Amino acid sequence: MLEGHQLLGFGFFMVGLWHLFNHVKLHALCSKSYTSTLWFPTAISRYLELHFIIVSCTIFIAMELFIAPVHHQPFDPDGTIPTSHLHNFEHSSMGLAFLVYATFAIILDRKCSKAQHGLTHFLGAVAFTQQFLLIHLHSRDHMGPEGQYHLLLQLLVLISLATTLMGIGFPKSFLVSFVRSVSIIFQGVWLMIMGFLLWTPGFQAKGCFMHLEESDEYVVKCSDDEALHRAVSLVNIQFSWLLIGITIFVMSFYLTLVRRHGAKVEYVSLRKEEQYYREEDGSNNDVESQSQKKSTQEQI
């Protein structure tokens, strides 16, 4: 369970950071012709990002269904799904949705260019919808701090879903793409924090502990109501502090990239604009010609 959250969270974080970098750079270089996309080619390989998603999802599905289970297979001897493995199938279904998105994104790029933008965003929205529904309708009864972690995670998934759908109607909106990238980064960091602070022995809040249920599942329980209330409040504080920290990070990231890539573009456009006005303004040309004549006479 810990490894699954770490792997999934790291994948979200890397993809979100890659999107943020490319959206900011693209907007800084060509703000007037900017158009949002859900994936970006690289110099190494055009589909490196999508291949990364495919490989990550495949490993995640394998871990959930064939590595994490005790017998390295998720079924009972009679071929049915045991109750203790329902969450494994739910988690792997999330990975499968993003695997389908990445696969069809490659196919659309190769075969269909007319509806590629809208359909790719649609596939991304389907993946985020699958993720939200499976977290919201999870087979495990998320209670206490575990439930609070997942409740706040649903909020982040909804933001990713909403901005992905908005990208269909507003393809030139930089803010839509910016917020989507930040929400994906936030998801990744939050998932990794969940893996460490929920299911790592000794990292639970004071008064809470890991308990092994009869179904061979570990759940986080608290000794009394006071410890439970404290643990839930700590989750809210973690989320609020992380929100502030990520906001500072992404804004600093934005300003750094704009200073690096946007300043050159503005400088060049300013020089072109000045040259345009000089050509239109005859008086400026006269003054320049007069000054050149005067300097020539002085030299003589």
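1. Burial and surface. Of the 300 residues in the chain, 40% are buried. The model is a predicted one, and every value below is computed from it. The chain exposes about 17200 Å². Carbon and sulfur atoms supply 65% of that exposed area.

2. Elements and order. Eight helices and two strands make up the list of elements in the chain. From the N terminus on, the order is α-α-α-α-α-α-β-β-α-α. The two β elements thus follow six α elements and precede two more.

3. Contact range. Take the contacts in the chain with a separation of 6 or more. Residues 24 or more positions apart account for 69% of them. Several such pairings come up in the points below.

4. The α3/α4 pair. Helix α3 covers residues 86–111, and helix α4 covers residues 116–136. Their axes lie 9 Å apart, and the packing angle is about 180°. An angle over 145 degrees counts as roughly antiparallel, so α3 is roughly antiparallel to α4.

5. Make-up of that contact. The residues of the contact of α3 with α4 comprise 13 nonpolar, six polar and two charged. From α3 the contributors include Met94, Ala97, Phe98, Tyr101, Phe104 and Leu108. Glu90 and Asp109 also belong to the α3 side. Among the residues on the α4 side are Leu119, Leu123, Ala127, Phe128, Leu134 and Ile135. Gln116, Thr120, Gly124, Gln130 and Gln131 are also part of the α4 side.

6. Phe98. This residue sits in helix α3. Is Phe98 buried or exposed? Its relative accessible area is 11%, which is under the 20% cut-off, so Phe98 is buried. Leaving aside neighbours within four places in sequence, Phe98 is in contact with Ala127, Phe128 and Gln131, among others. Those three residues are on the α4 side of the helix pair. The contacts of Phe98 also include Phe12, Ile53 and Cys57. Phe98 and Cys57 are 41 residues apart in sequence, with 7.1 Å between their C-alpha atoms.

7. Gln116. Helix α4 holds this residue. Gln116 has a relative accessible area of 17% and is buried. Which residues does Gln116 contact, leaving aside its neighbours within four places in sequence? They are Trp39, Leu108 and Asp109. Leu108 and Asp109 belong to the α3 side of the helix contact. The side chains of Gln116 and Asp109 are also joined by a polar contact of 3.1 Å.

8. Thr58. Helix α2, residues 48–67, is the place of Thr58. Thr58 counts as partly exposed, because its relative accessibility of 39% falls between the 20% and 50% cut-offs. Along the chain, Thr58 and Ser92 are 34 residues apart. Their C-alpha atoms are separated by 9.0 Å.

9. Met14. Look for this residue in helix α1, residues 2–29. Met14 is partly exposed, at a relative accessible area of 34%. How far apart in space are Met14 and Gly188, C-alpha to C-alpha? The distance is 8.0 Å, although 174 residues separate Met14 and Gly188 in sequence.

10. Leu197. Helix α6, residues 174–199, contains Leu197. A relative accessible area of 25% makes Leu197 partly exposed. Apart from neighbours within four places in sequence, Leu197 is in contact with Tyr149, Phe203, Gln204 and Gln238. Leu197 and Val235 are 38 residues apart in sequence and 9.7 Å apart in space, C-alpha to C-alpha.

Notes:
Residues numbered from 1 in each chain as written. Predicted model: local features only at pLDDT ≥ 70, side-chain atom pairs only at ≥ 80, totals over all residues. Heavy atoms only, no water. Axes fitted to C-alpha atoms, helices over the stretch in contact; angles between N-to-C directions. Helix = DSSP H or I, 4+ residues; strand = E, 2+ residues; numbered from the N terminus. Parallel < 35°, antiparallel > 145°, perpendicular 65-115°, else oblique. Contact = heavy atoms within 4.5 Å. Nonpolar A, V, L, I, M, F, W, Y, C, P; charged D, E, K, R; others polar. Buried < 20%, exposed > 50% of the residue type's maximum accessible area, 1.4 Å probe, protein only. Areas by Shrake-Rupley, 256 points an atom, 1.4 Å probe, with all protein chains shown as cover. Polar contact = N/O pair within 3.5 Å; in protein donor to acceptor, adjacent residues only side chain to side chain.
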